[in-house]
Amino acid sequence: MAHSSGAPLRSPGPPGGGRDAGSPAPRRRRRWLRRLLLGAGVLLVAATVLLWVLYERLNGNITTDTRTANELAEYEKQRPTALVAGAQNILIIGSDSRSGAENGKYGTDSGTQRSDTTILLHLAADRKSATAVSMPRDLMAKIPSCRKPDGSYTNEHFAQFNWAYEDAGAACTIRTVENITRVRVDHHIIVDFASFKRLVDAVDGVKVCLKKPMDDPEARLRLPAGRQVLHGEAALGYVRARYSLGDGSDTERMGRQQEFLGALFQEMRSDGVLLNPTRLYPVLDAATKSLTTDAGLDSLRKMYDLVRTVRNVPTDHVQFLTVPRKPYQYNADRDELVQPDADQLFELLRHDRPVTVTAHVRPADGKSGVPPREPGPERTGDPAGDPAGASPSPSPTAPPTYEGTTAARGICG
């Protein structure tokens, strides 16, 4: 049948007047979708490979110190036991090694190294606080017999604390710290000059304030007075300088190091670093490069797990202090512990109890690590100190308030 006009009837087209499935437009859309999915798959694979490469690179930056672990295992029966599950004690050793191109410019590599900075970092089991205790390099201490790198052994002797590292390395330093404190050291980290500078540069420097200009040829540092941001080389000189600031004592240098570390902690935990991949990777790269640790911290995953547990610690609960000490009675250029204050501090750390820290107050003798207080009972006997296994009796009085700082205070106040 035809219309009155005589034109033949046509079959109706697709609903809405669209084109059928075989037309060119749907085919183009399918090709475009396939290409989009293929491109997305290629990008996903590329991103996965890149992340794996970066992860392996960061892992490869870390050096595992197996020698220390092997030596400590030989003396396991002599070491203190951990008293509180979950609490962690990490010994941070600042090495002045001249090995390598970057460290070599600070002096000739004679094959020896010293530790002028040693910090016992206590992380509370609940991860709501962290306490960093500086051990003075000139503290007179009983250093046990230790195995040297050449396989020979040192004799047990009474000497400056930093001789332990110079004579026989990290294991000897750990055992000496444990003998002094009776605190079990769970992990250790060795940081050299180069890695410290990289870390400061990775957070775009740390802000400091100087009341007076600073000129220290030995630390290779010249700074004007006032507020300024220090980067790698200048930051290293600032924490190493001794004779150009204050009274030239190691006490002031340790106080300055503690304030600087507090400011560095603030920079590293800021959202601008942790939530920005372009800033976070350089920090991770710097934090792992030239770093030497025990097997418990020798991977990016292990270090991240540790950092993740403490990144939310309030800055006013991140505390820095120096173990209480005074001039050694037989040599005023050396140190000895102030008792019972030091043993009370170690007791708090052993039992994971709070440590109270107040702002730095420079004492009259320039050496004491605690504010002036009524004299308490002093330990007597051999100048070399109590036997390594001795544990102080509980104090009938409240523990003292220790002189130090917190990460919240910063350097500029």
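User: In this predicted model, which residues does Ile180 touch, leaving aside those up to four places away in sequence?

Analyst: The model is predicted. Contact here requires heavy atoms within 4.5 Å. With residues up to four places away in sequence left out, Ile180 touches Met135, Leu139, Ala141, Phe161, Leu337 and Phe346.

User: Which helix gives the most residues to the largest nonpolar core?

Analyst: The largest nonpolar core has 29 residues, and Ile180 and Leu345 have the most contacts inside it. Strand 2 (88–95), helix 4 (163–181) and helix 11 (341–350) each supply at least two of its residues. The most, 6 residues, come from helix 4.

User: How many residues does the other core, with Val208 and Leu230 among them, have?

Analyst: This core lies apart from the largest one. Its members include Val208, Leu230, Leu236 and Val283, and its residue count is 26.

User: How many residues apart in sequence are the parts that the pair of Phe196 and Phe260 ties together?

Analyst: The rings of Phe196 and Phe260 form a tilted pair, 5.8 Å centre to centre with 40 degrees between the planes. Phe196 belongs to helix 5 (residues 193–202) and Phe260 to helix 7 (residues 250–269), so the parts tied together are apart in sequence by 64 residues.

User: Why does the pair of Tyr238 and Phe260 count as tilted?

Analyst: Planes under 30 degrees apart count as stacked and those over 60 as edge-to-face, with the rest tilted. The ring centres of Tyr238 and Phe260 are 6.0 Å apart and their planes stand at 45 degrees, so the pair is tilted.

User: Which residue has its charged end over the ring of Tyr238?

Analyst: Tyr238 counts as buried because its relative accessibility is 3%. At 5.6 Å from the centre of its ring sits the charged end of Arg256.

Notes: Residues numbered from 1 in each chain as written. Predicted model: local features only at pLDDT ≥ 70, side-chain atom pairs only at ≥ 80, totals over all residues. Heavy atoms only, no water. Core = buried A, V, L, I, M, F, W, Y, C linked by side-chain atoms within 4.5 Å. Buried < 20%, exposed > 50% of the residue type's maximum accessible area, 1.4 Å probe, protein only. Helix = DSSP H or I, 4+ residues; strand = E, 2+ residues; numbered from the N terminus. Phe/Tyr/Trp six-rings, centres within 6.5 Å; stacked < 30°, edge-to-face > 60°. Lys NZ or Arg CZ within 6 Å of the ring centre and 35° of its normal.
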